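The exercises below each set a task and then work through a solution step by step. Please keep the sequence and the model in view while you read.

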Amino acid sequence: MLVLVAPGQGSQTPGFLTEWLELPGAADRVAAWSDAIGLDLAHHGTKADADEIRDTAVAQPLLVAAGLLSASALGDIAPGAVAGHSVGEITAAALSGVLDDAAALSLVRKRGLAMADAAAITETGMAALLGGDPEVTVPHLEKLGLTPANINGGGQIVAAGTMEQIATLEADKPEGVRRVVPLKVAGAFHTHHMGPAVETLAEAAKALAPADPKVAYVSNKDGRAVASGAEVLERLVGQVANPVRWDLCMETFKELGVTALLELCPGGTLTGLAKRALPGVKTLALKTPADLDAARELVAEHAA
């Protein structure tokens with residue numbers, strides 16, 4: 001059984017879209033998306049520097065566009081399940097048929113802008129914790145007023161909160177944590193600091209007409225497969241201010257009988273987590289079009 005997954009913010013690198021835009025029809029498709037959402041995706045995916053594409057309002061639509069573009073290059077495939085990490089959940093919603101591409105890109109554009117605005121209210125940030133036991137780490141974070149914003153499996157946790165709280169964490173690490181590594185992100189995503197963005201997205205969601213997913217859609221909220229399009233959309237809105245439970249998503253992949261995991265462009269992060277948490281499962285990251293042949297072979301072997 002094949003699981004198709006879409007990465008989240010932080011996986012983008014300068015120029016990562018360049019080779020994908022050389023595929024037949026890709027440049028025209030991206031140009032149409034750019035016009036629709038008022039953002040030059042081609043420029044940001046080919047010529048913009050690391051600081052430009054770190055901007056939340058740019059990174060999020062860019063990642064969804066990259067995921068949709070790389071998925072379409074695979075042709076018609078039949079995964080057993082789809083999921084996305086953080087903003088990748090919007091990519092997954094499109095891949096599962098809950099939203100069409102235009103609706104997904106419109107929603108992610110509004111999401112990126114709203115989260116950037118929310119992040120500007122208070123100086124906040126995120127930090128990855130290397131090592132440690134989640135049962136020890138999570139209570140320690142909560143004691144410091146921090147949120148375990150990403151629980152990614154394999155012991156990987158990302159904390160989020162004010163910059164003052166992050167500094168306290170660096171000086172007062174949980175037992176077993178070797179290092180606290182501040183991340184180059186604009187704010188404390190997936191925490192209560194994103195509350196204003198939830199309100200904006202909830203309003204935007206009223207204009208959408210979600211369909212029920214055609215394949216299992218595995219949600220970041222609790223790792224549960226969601227069968228209702230309306231519930232998928234509701235979760236997409238609320239998830240902005242709630243922790244990403246990628247560990248629970250991978251547990252569900254196991255329960256569904258996953259045999260292969262294919263990560264869309266710009267792949268790498270989620271396949272790395274799967275290699276540690278899903279032993280025996282074949283993994284492949286779509287980084288460039290050069291990976292397409294291997295991806296199609298994986299699809300042919302493991303898709304329904």
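A pocket is an open set of grid points, where a 1.4 Å probe fits, with protein on both sides within 12 Å along at least five of seven lines. The structure shown is a predicted model, and the exercises should be read with that in mind.

**Exercise 1.** Describe the second largest pocket by its volume, its lining residues and the helices that supply them.

*Solution.* Begin with the volume, which is about 330 Å³ for the second largest pocket. Next turn to the lining, which is made up of 17 residues, and of these A71, G75, D76, I77 and L95 are the closest to the centre of the pocket. Then look for the helices: α4 (56-73) and α5 (88-95) each supply at least two residues of this lining, and α4 gives the most, with three residues. Finally, sort the lining of the second largest pocket by class, which yields 10 nonpolar, three polar and four charged residues.

**Exercise 2.** Carry out the same kind of description for the largest pocket.

*Solution.* The space in the largest pocket comes to about 630 Å³. Its lining has 27 residues, among which G8, Q9, G10, S11 and V185 are the closest to the centre. The elements that give two or more residues to this lining are the helices α3 (50-54) and α12 (269-277) together with the strands β4 (147-153) and β5 (156-162). By class, the lining of the largest pocket holds 12 nonpolar, 13 polar and two charged residues.

**Exercise 3.** Decide whether L292 is buried or exposed, and find which residues it is in contact with.

*Solution.* First locate L292, which lies in helix α13 (residues 292-302). Its relative accessibility is 4%, and because buried means under 20%, L292 counts as buried. Setting aside neighbours within four places in sequence, L292 is in contact with W20, L23, S70, A73, L74 and L286. As a last step, compare positions along the chain with positions in space: L292 and A71 are 221 residues apart in the chain, while their C-alpha atoms are separated by 9.8 Å.

**Exercise 4.** Work out which strands pair with β2 and how its residues point.

*Solution.* On one side of the question, strand β1 (residues 2-6) runs parallel to β2 and is joined to it by four bridges, with A6 having G84 as its bridge partner. Strand β7 (residues 216-218) also pairs with β2 in the parallel sense, over two bridges, and here V82 stands opposite Y217. Turning to directions, A81 and A83 point one way from β2 (residues 81-84), whereas V82 and G84 point the other way, and all of them are buried.

Conventions: Residues are numbered from 1 along each chain as its sequence is written. This is a predicted model: local features need pLDDT of at least 70, side-chain atom pairs count only at pLDDT 80 or more; totals for chains, interfaces and linings use all residues. Side-chain values use heavy atoms; hydrogens and water are left out. Buried means under 20% relative accessible area, exposed over 50%, partly exposed in between (1.4 Å probe, protein chains only). Contact means heavy atoms within 4.5 Å. On a 1 Å grid over the protein atoms alone, a cavity is a set of points where a 1.4 Å probe fits but cannot get out, and a pocket is an open set with protein on both sides within 12 Å along at least five of seven lines; lining residues have an atom within 4 Å of a point. Grid points are joined across faces, edges and corners, and a volume is the space filled by probe spheres set on the points. Ala, Val, Leu, Ile, Met, Phe, Trp, Tyr, Cys and Pro count as nonpolar, Asp, Glu, Lys and Arg as charged, and the others, Gly among them, as polar. Two strands pair if DSSP finds at least two bridges between them.
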